[in-house]
Structure formats: C-alpha cells, structure tokens
Amino acid sequence: MVKAYELRTQTKEDILKTLTDLRKELAELAVAKVTGGAASKVAKIGSVRKDIARVLTVYHQQQKEGARKACAGAKYLPIDLRAKKTRAIRRALTKEQKNKKTLRQLKKEKHFPLRKYAIKA
C-alpha cells in the first residue's frame with residue numbers, strides 16, 4: 001500500500017513511475033479476474049485502484065502548488081487557482097465599488113451635513 005506522506009517526499013518522476021507500475025499491476029489483476037485467477041488477486045483490485053487514486057491526488061496537489069508559485073506575483077490568477085466561493089459572491093461588487101458615491105451625493109453631504117443635537121439630561 002502506498003502512503004501519501006511517502007509520495008510527497010518523492011520527485012515528480014518517481015511518482016509517475018509509481019503510477020505506471022500500479023496501472024500495470026491493475027491490468028494484470030484484471031486479466032487474472034477474467035481468467036479465473038486466485039481470490040486474493042481479485043480482492044487486491046480495490047486496494048490497487050485506491051493506491052492509483054492516492055498517487056494521482058498527490059501528483060495533482062504538487063502540480064497545483066507549482067502553478068501557484070509560478071503565478072505568485074502575477075496580476076491575474078488562472079481560473080482553476082482562484083477562490084471558488086459561489087457564483088453570486090464572485091460577481092458581487094467589491095468593497096470599493098460599493099462605497100463609491102456620485103459627485104451629486106458628495107456635494108449634498110458636504111453642503112447639508114447631519115445636524116448634531118445636544119440633549120439635556
């Protein structure tokens with residue numbers, strides 16, 4: 001069984017080599033299943049598939065991490081690296097856009113400020 005923490009210490013080439021080995025093993029196990037091989041081989045198919053998934057997960061995590069480092073100072077991030085959130089939140093106005101006021105509104109606030117009243121207790 002392949003451990004994720006062990007994969008994270010390996011290089012890209014080693015991870016891909018592990019992946020090809022696991023895929024070959026899965027193909028052999030599938031042949032054994034069809035030809036009526038041992039029960040232990042048939043039972044091993046599930047664990048090999050999970051190992052492949054584990055290897056691919058670590059590989060994609062490393063790819064994404066590398067892409068993040070490459071785009072660190074860029075003005076725009078690629079779509080797959082941006083924060084997902086929700087569609088509505090992504091399309092909402094920014095804080096600056098929300099707080100912007102028209103020239104007319106600024107003049108009105110300047111010439112007619114809110115009156116301050118001192119209430120005697």
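How much accessible surface does the protein have, and what share of it belongs to carbon and sulfur atoms? The accessible surface comes to about 10,900 Å². Carbon and sulfur atoms hold 58% of that. Keep in mind throughout that this is a predicted model.

**Stop 1: the whole chain**

Show everything as a cartoon. You should find six helices and zero strands. Along the sequence the pattern reads α-α-α-α-α-α.

Now zoom out. The C-alpha trace spans about 95 × 35 × 30 Å along its principal axes. A compact globule of 121 residues would have a radius of gyration near 14 Å, but this protein has 30 Å.

Colour by burial next. Of the 121 residues, 14% count as buried. Contacts are worth a look too. Among those with a separation of 6 or more, 57% join residues 24 or more positions apart.

**Stop 2: helix α2**

Select residues 12-34, which make up helix α2. Put a distance between the two end C-alpha atoms: they are 33 Å apart. That agrees with expectation, because 23 residues at 1.5 Å a residue should span 33 Å.

Show side chains for I15, T18, L19, L22, L29 and A32, the buried residues of α2. What do they pack against? Their partners are α1, residues 4-9, and α3, residues 39-70.

A general point helps in reading such a list. An α-helix has 3.6 residues a turn, so residues three or four places apart point the same way.

Stay on the helix and pick T18, which lies in α2. Is T18 buried or exposed? T18 has a relative accessible area of 19%. The cut-off for buried is under 20%, so T18 counts as buried. Beyond its neighbours within four places in sequence, T18 is in contact with Q10 and V55. Draw a C-alpha to C-alpha line from T18 to L7 as well: the two are 9.2 Å apart in space and 11 residues apart in sequence.

Then move to A27, also in helix α2. A27 is partly exposed, with a relative accessible area of 44%. From A27 to I45 the C-alpha separation is 9.3 Å, with their positions 18 residues apart along the chain.

Finish just after α2, at G36. There phi is positive, at about 75 degrees.

**Stop 3: helix α3**

Select α3, residues 39-70. Its end C-alpha atoms are 48 Å apart. The expected span for its 32 residues, at 1.5 Å a residue, is 46 Å, which agrees.

Where does α3 bend? Centre on I45, where the bend is about 30 degrees.

Show the buried residues of this helix: I45, V48, D51, I52, V55, V58 and Y59. They pack against α1 and α2.

Pick V58 and list its contacts. Leaving aside neighbours within four places in sequence, V58 touches A4, L7, R8 and I15.

**Stop 4: the nonpolar core**

Which residues form the largest nonpolar core? Select V2, L7, I15, L19, L22, L29, I45, V48, I52, V55, V58 and Y59, 12 residues in total. Colour them by element of secondary structure. Two or more residues come from each of α2 and α3. The most come from α3, which gives six.

In general terms, nonpolar side chains tend to be buried together in soluble globular proteins.

Several residues from earlier stops turn up again here. I45, where α3 bends, belongs to this core. V58 is in the core, and so are two of its contacts, L7 and I15. V55, a contact of T18, is a core member as well.

**Stop 5: the loop after α3**

Last selection: K85. Where does K85 lie? It sits in the loop between α3 and α4, the latter being residues 87-91. Phi of K85 is near 50 degrees, a positive value in a residue other than glycine. Compare G36, just after α2, where phi is also positive. K85 counts as exposed, because its relative accessibility is 58% and the cut-off for exposed is over 50%.

How values were computed. Residues are numbered from 1 along each chain as its sequence is written. This is a predicted model: local features need pLDDT of at least 70, side-chain atom pairs count only at pLDDT 80 or more; totals for chains, interfaces and linings use all residues. Side-chain values use heavy atoms; hydrogens and water are left out. Helices (H or I, at least four residues) and strands (E, at least two) are DSSP runs, numbered from the N terminus. The expected span of a helix is 1.5 Å times one less than its number of residues. Buried means under 20% relative accessible area, exposed over 50%, partly exposed in between (1.4 Å probe, protein chains only). Contact means heavy atoms within 4.5 Å. A nonpolar core is a set of buried Ala, Val, Leu, Ile, Met, Phe, Trp, Tyr and Cys residues joined through side-chain atoms within 4.5 Å. The bend at a residue is the angle between axes fitted to the seven residues ending there and the seven starting there. The radius of gyration is taken over C-alpha atoms; the globule rule is 2.2 Å times the number of residues to the power 0.38. Accessible areas come from the Shrake-Rupley method with a 1.4 Å probe; for residues, only the protein chains shown count as cover.
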